[in-house]
Amino acid sequence: MKTFSNIRAAFLLSISFLVSAALLVSAALLAGATLASNVQANSGHSAHKASNKSLVKECLKPAALPSVHCGKAPTAVFATKENKDNEGNKANTAKLYVVFSQNGHVYLTTSIDNGKSFKPSIAVNRTPELIYDNGENRPKVVLGKSGLVYVSWTHKTPGRYSGDVRFSRSVDDGKTFDTPITINSDRAIISHRFESMSLDQQGRIFLIWVDKRDQAKAKNNQQDYAGVSLYYAVSDDFGKSFQDNRKLVDHSCECCRIAVDQDSSGRVVALWRHVYPGNIRDHAIAYVNPQSTPIQGLPLRATDDDWKIEGCPHHGPDLSIDSQNRAHLAWFTKGETNKGLMYGRFDFTENKTQLIQSIDRAPSASRPQVQVMGNHVYLMWKRFNGEQLDLLISHSADEGKTWSDSKTIATTKNASDHPDWITNNNKLFAVWHTQSEGLRLIAVPQ
Amino acid sequence: MAKALTAVLSLLAVSATSFADASIDAQLELKPFQPESLAQIEAAHKGQAFIAVIWSIDCPPCLKELALLQQLKDQFPPGGLVLIAADSAEYTDSVQSFLNEVELNELDNWMFADSAPERLRYSIDPSWYGELPRAYFYDKAHKRYAHSGSLKKEKLEQWLLATQ
């Protein structure tokens, strides 16, 4: 019986080998399109492996259409007064835009009922490609004025930890998208990943990402180089083109997302996990100007936990700037000074973080998000309670000085994405994508 | 015609077998790590000292650590080293090929198999923040201590000496 099954397995293996070889050839002829979708479709061979595939009913059908519930790593944003279109004017409900990854495409979909129902999805990249679609490295969407929709993501290039930053825009409110462009000018098969996107007051688009080119160069010259660097590129023609890549800073951490926000005058601020001397992986903060030169010396330190770790925690910070240009921060650390999820408020006039306090010390707490709404500040994070995952919030009515007890606003039993905040005028929503429930918008009582 | 076809088919089958033999040899057993798995591992090692190393394909220091374990693996008693990959199912191929690459495919290899990795981390150690690499050193009585970050060669050699 064993022999038989071996032979049978052998035959099947060889057939699948021949078939995949044939597919590889045809894929190469089709300029990589088929190859990309083949690789994307791979989700492990053994049936016993727990899959991250959606358990939402509509996603179980083999022919399920692209959907925010079935896809991965969605990012959502509401249209504001500046960028709302006609549909969004109705019934005081802002139009919701969501991008997500599915089958090698980034899709855009919209909703005018706060995510209860969605319009059919539009493929941003018409040719499929491998896309990073995990909590930390996910597609992004930002809205410009009058129907401009900007989408970015990281394309997975061959090899471990490698990628290219991609961008595409729509000038017709997401009906059609320009052919995607690669933003990093360095095209080596190395890491150009974890891009973040923000607009400034003038509508210029900033893309900031983690880039390994300087580390690769140092390695070639047999020099040590701690971490990697951050690069950025700016578009001042509404996404038609981007200016040259610029370096923001040397020695950032390798695989944590970068938090970005605008200050009250619309200038872009970035917060990232840095590699300070001695492999201390605390956070740095900086204004990002369209034409700045690389930061010399050590960047401004926003968190000072003395977390020494050889490796990257895959756990980037979050940032929200108030009307007085104070940056409210949420982060994870396991340093000497603090452990677990932390909150603090960075003041640019003193270059110092104040009001530092623990959000949650539980080892199973993760992914803190912070959002300012006037004098109010909200924190959100997730925590495993021994049986399931809770999504928790805490609220400060005094600009971050004191905080309410935590409150669970949602739970899930299976895989869960990072949570995120989105706002619609003065309404606050938690966005959480979970394997069992799909994408949820949870109105937060204020 | 039928004869010719049979000949072609048997030729195919022969070549198929040789292809497959290579593949099967290179295959390793990657056991699904579930909430009850650590208890099973402990039961299987009753009265024996061992080290459980948790790693991930997405963690460069972990890959360095596995390369170090490759150097030292022959000094471990049978079953003395257990590897647990904290990766989700979509990384199965990468995990397998890396274990083959560093010739650790014959060890006791496990891979996270629960849609909520938080549940598995909790089952291993509720006081663990999830940082990798992470190692648990068990003595014969299964008193254990945890180590976060890369293991040093000297530390492992010391442990090997002390447990023999």
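Which residue in β14(A) does Asp261(A) stand opposite? The exercises below lead to the answer.

The model is predicted: local features need pLDDT of at least 70, side-chain atom pairs count only at pLDDT 80 or more, and totals for chains, interfaces and linings use all residues. Residues are numbered from 1 along each chain as its sequence is written, chains are lettered from A and ligands numbered from 1 in the order in which they are written, and side-chain values use heavy atoms, with hydrogens and water left out.

**Exercise 1. Locate Asp261(A) in its sheet and identify the residue opposite.**

Solution.
1. Strands are DSSP runs of E with at least two residues, whereas helices are runs of H or I with at least four residues; both are numbered from the N terminus.
2. Two strands pair if DSSP finds at least two bridges between them.
3. In chain A, three strands form an open sheet in the order β13-β14-β15, with antiparallel pairing. Its edge strands, each paired on one side only, are β13 (259–262) and β15 (283–288). On average, neighbouring strands of this sheet are turned by 20 degrees against each other, direction ignored. For this angle, axes are lines fitted to C-alpha atoms, for helices over the stretch in contact, and angles run from 0 to 180 degrees between N-to-C directions.
4. Strand β14 (residues 268–273) of chain A is joined to β13(A) by four bridges, and the two run antiparallel.
5. Opposite Asp261(A) stands Val269(A), in β14(A).

**Exercise 2. Describe the disulfides and state the hand of each.**

Solution.
1. A disulfide is a pair of cysteine sulfur atoms within 2.5 Å. By this rule there are two disulfides over all chains.
2. In chain A, the sulfur atoms of Cys59(A) and Cys70(A) lie 2.2 Å apart and form a disulfide. This link has -80 degrees about the S-S bond and is left-handed. Cys59(A) belongs to helix α3 (residues 57–60) of chain A, while Cys70(A) lies in the loop between α3 and β1 (72–78), eleven residues apart.
3. In chain B, Cys59(B) is joined to Cys62(B) with an S to S distance of 2.1 Å. The disulfide of Cys59(B) and Cys62(B) is right-handed because the torsion about its S-S bond is about 80 degrees.
4. Buried means under 20% relative accessible area, exposed over 50%, and partly exposed in between (1.4 Å probe, protein chains only). Cys59(A) and Cys70(A) are both buried, and so are Cys59(B) and Cys62(B).

**Exercise 3. Decide from their relative accessibility whether Cys253(A) and Cys256(A) are buried or exposed.**

Solution.
1. Cys253(A) has a relative accessible area of 2% and is therefore buried.
2. Cys256(A) has 4% relative accessibility, so this residue also counts as buried.

**Exercise 4. Summarise each chain by its elements, burial, contacts and surface.**

Solution.
1. Chain A has five helices and 26 strands. Chain B has six helices and six strands, which follow the pattern α-β-α-β-α-β-α-β-α-β-β-α along the sequence.
2. In chain A, 55% of the 446 residues count as buried; in chain B, 46% of the 164 residues do.
3. Contact means heavy atoms within 4.5 Å. Among contacts in chain A between residues at least 6 apart in sequence, 51% join residues at least 24 apart. For chain B, residues 24 or more positions apart account for 73% of the contacts with a separation of 6 or more.
4. Accessible areas come from the Shrake-Rupley method with a 1.4 Å probe; for residues, only the protein chains shown count as cover. Chain A exposes about 19600 Å², with carbon and sulfur atoms supplying 52%. Chain B has an accessible surface of about 7900 Å², of which carbon and sulfur atoms hold 57%.
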